[in-house]
Each structure stands twice: as C-alpha cells, then as structure tokens.
Amino acid sequence: MGGRDDAGGGNSAYGRKAFKRSPAHFQDRITADGRDGWPVEAGRYRLVVSRACPWASRTLVSRRLLGLEDAVSLAVADPVQDDRSWRFTLDPDGRDPVLGIRYLSEAYDRRETDYPGGVSVPAVVDVPSGKLVTNDYQQITLDFATEWTALHREGAPDLYPEKLRDEIDAVMDDVFRDVNNGVYRAGFATGQEEYEAAFTRLFRRLESLERRLERQRYLVGDTITEADIRLFTTLVRFDPVYHGHFKCNLWKLTESQVLWAYVRDLYQTPGFGDTVDFDHIKRHYYQVHTGINPSGIVPLGPGLSGWTTPHHREELGGRPFGDGTPPGPVPPGEEIPAPGRP
C-alpha cells in the first residue's frame, strides 16, 4: 500500500484516477544463502508496516506465527500518512528509534535516489546501511516461511508446505486478483462500468470461496497456510471498510454464515487477531482517501463484539498449526490496544 500512491497525485487522487496495483519495484530477496547480497541474519533487518494495510498485515501474521519477532524488529508507521509517505509520528520525536528516520521514503531514497514510484509497506530495511532491501509484498512472507527456517521458533507451522504449493499458489492467484485487489478496483473505480465489473468478480469469487470453505476448515489442506493469511487480511477489513467505503455492499461479511465463521476462527487463532488494529484500519481508509471521503469522518461502527463469539469451525476438523504449537504471548510493545466501543 503506497504513500506516494499507485493512482498518482497524492491522497486526493484516490477514486479520481483509474486504479492500478503497481508491482514491487525493489524485489531483492533475503535468503538463507544470501544470493541477492542479503543473507538471513538475526537482528540485521527491520520490518516496516502499517497496521492499516492488508498487504503489510500479512507480514505481521507470518512473523508472529513463525516466531520471528526477535529476529526481525518491527517499525509501525502512523496509519494516516501524508503525500510524502508513511511517517513515524507514533514514535517519540517523530523518528523511528532504530532507523532514525521520519519518513519511510528516506530508506527508499538511500537505496535509489529520486525513486519515482510509490513508497509502500511492507518494507524491509537493512539496519546497518539504512537502505530499503525489498518492498515485494508478494514474496516477503513466502521467504519468511521458507528462507528463514533456521530462525523459526520451535513448533512453528509450515505455512507453505512444498507438497501443497501448486494448490496454494492457484488459490492465492484467484484471491489476489478478485478479492485482495478486487475491493480496491471497486473502491477506486472512476466509472460505473469499471466498478460493476470489479464488484461482480469480487462477489463471484467470495461465493466460490464460501462453497470451498463449507466443507473444509482452511483453504488448502487441514492446517493454516499462506493462502489463509492472504484472505484473512482482506476479510477482516470487509465490514469496517470495504462494504461502505469501497461500495462492496452486495452483502456484509456477517451475513455470510461460512465466511463470517471462517474469519472469526482465524481471528481467534493466536497470531491473527492479536495483530489487528481496527482503529488504525478505519482511520487510514476514511482519513487518507480524501478523493472518496472528502469529509474525513471516520464511522463509529460496526460493533466489534461479534469477533470473539463461537464459530464452531473446529467441527470440520483440521489442526491450525499442524504438528506445531501456537505462538507465545505478543512481545512487549507490540500489543494492540483493546478496541473501544461500540
């Protein structure tokens, strides 16, 4: 999710220019063998996220489930960025305490001066040099699962099991095109025909996912995988943001018996709901997308009490962590404040 946004022209351009999801420009990988010049190394890298952003939230869930908190430090940006980019105004003195910068764009500029593209999260920064390593939102979590195994916690789940990768990839491709990206194509549409096409594809895909999840607890296999992480981060934002703000309003998630139970199951699983900040989510979308919501008013609803109600998905079987174990408590300083009323 960008600061110098994909639509171009700053925050006011959202909803006024055709939406296009830009590919990640910086696609270096951090690997066990260091083949791109960036070897896996505990303490060397800093993960920069916004808790508002679904793409960045994938990395938060993956990092928690795999137990990489001590290996990869975390910087959380203000959910309300300005046209310069994501900023560290949540930190004392408005600077990230490890990188010493006020804006994420500074790490981008240290990597490539006058880089013209969007400043997006998630981003991984090399702490010693202060340079951006990668903003490849599609690859970062896959590498966490497969390249960082030497630093995984004991009992970490296999989020990208080799024997299921073809099926996981196929499911993720469909979810990315029609759901993860689909809500944005609907929300940022500049014409009725463009909006209706995205809307139709979105709900057709959601209905196909309902049919799939009627008979199995997770998207692929009988444990949590990367596919579930990627669907979760969109579904958890659906009723608070996408239903109204992005006009994805054929039905609410709470009106889908299957998907509402599925996303509650994940939310109540350690590593998922404990990374979700509904306040950051709503403030970002409603205050930053001034081209869509010029008043900047943030809605008070919907209520959040339903997220912790019984889901009964365990009746379908499945083992969330396979042969592994749940992650431990959230590290000090990374806790999410309890959601307020309503």
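Helix α6 has buried residues that are covered by, among others, α4 (165–180), α5 (182–187), α7 (226–235), α8 (238–242) and α9 (257–267). The model is predicted. The residues of α6 that are buried are Y195, A198, F199, L202, F203, R205, L206, L209, E210 and L213. R205 and E210 are on that list, alongside leucines such as L202 and L206.

The length of α6 can be checked. The helix has 23 residues, 192–214. At 1.5 Å a residue it should span 33 Å, and its end C-alpha atoms are 33 Å apart, so the two values agree.

Move next to α9, one of the helices that cover α6. Of the 11 residues of α9, 10 are buried, so the helix is largely enclosed by the rest of the structure. The buried residues are V258, L259, W260, A261, Y262, V263, R264, D265, L266 and Y267. Charged residues are among them: R264 and D265. The cover over the buried residues of α9 includes α6, α7 and α10 (278–288). Helix α7 thus appears in the cover of α6 and in that of α9.

Now turn to the strands. Strand β1 covers residues 45–49, and five of the five are buried, so β1 is largely enclosed by the rest of the structure. In a regular strand, side chains alternate between the two faces of the sheet. In β1, Y45, L47 and V49 point one way. R46 and V48 point the other way. All are buried.

Which strands pair with β1? One is β3 (residues 123–126), which runs antiparallel to β1 and is joined to it by four bridges. Here L47 stands opposite V124. The other is β2 (residues 73–76), which pairs with β1 in the parallel sense, again over four bridges. There V48 stands opposite A75. Between β1 and β2 the chain passes through helix α1 (residues 54–66), and this β-α-β crossover is right-handed.

Finally, look at R44, in the segment before β1. Is R44 buried or exposed? Its relative accessible area is 19%, and buried means under 20%, so R44 counts as buried. The R44 side chain makes a polar contact with the side chain of D126, at 2.7 Å. D126 belongs to β3, which spans residues 123–126. Leaving out residues up to four places away in sequence, R44 touches G37, W38, P39, A71, V125, D126, V127 and P128.

Definitions and conventions: Residues are numbered from 1 along each chain as its sequence is written. This is a predicted model: local features need pLDDT of at least 70, side-chain atom pairs count only at pLDDT 80 or more; totals for chains, interfaces and linings use all residues. Side-chain values use heavy atoms; hydrogens and water are left out. Helices (H or I, at least four residues) and strands (E, at least two) are DSSP runs, numbered from the N terminus. The expected span of a helix is 1.5 Å times one less than its number of residues. Buried means under 20% relative accessible area, exposed over 50%, partly exposed in between (1.4 Å probe, protein chains only). Contact means heavy atoms within 4.5 Å. Two strands pair if DSSP finds at least two bridges between them. A crossover is right-handed if, with the strands pointing away from the viewer, the path from the first strand over the helix to the second runs clockwise. A polar contact is a pair of N or O atoms within 3.5 Å; within protein, one must be able to donate a hydrogen and the other to accept it, and residues adjacent in sequence count only if both atoms are side-chain atoms.
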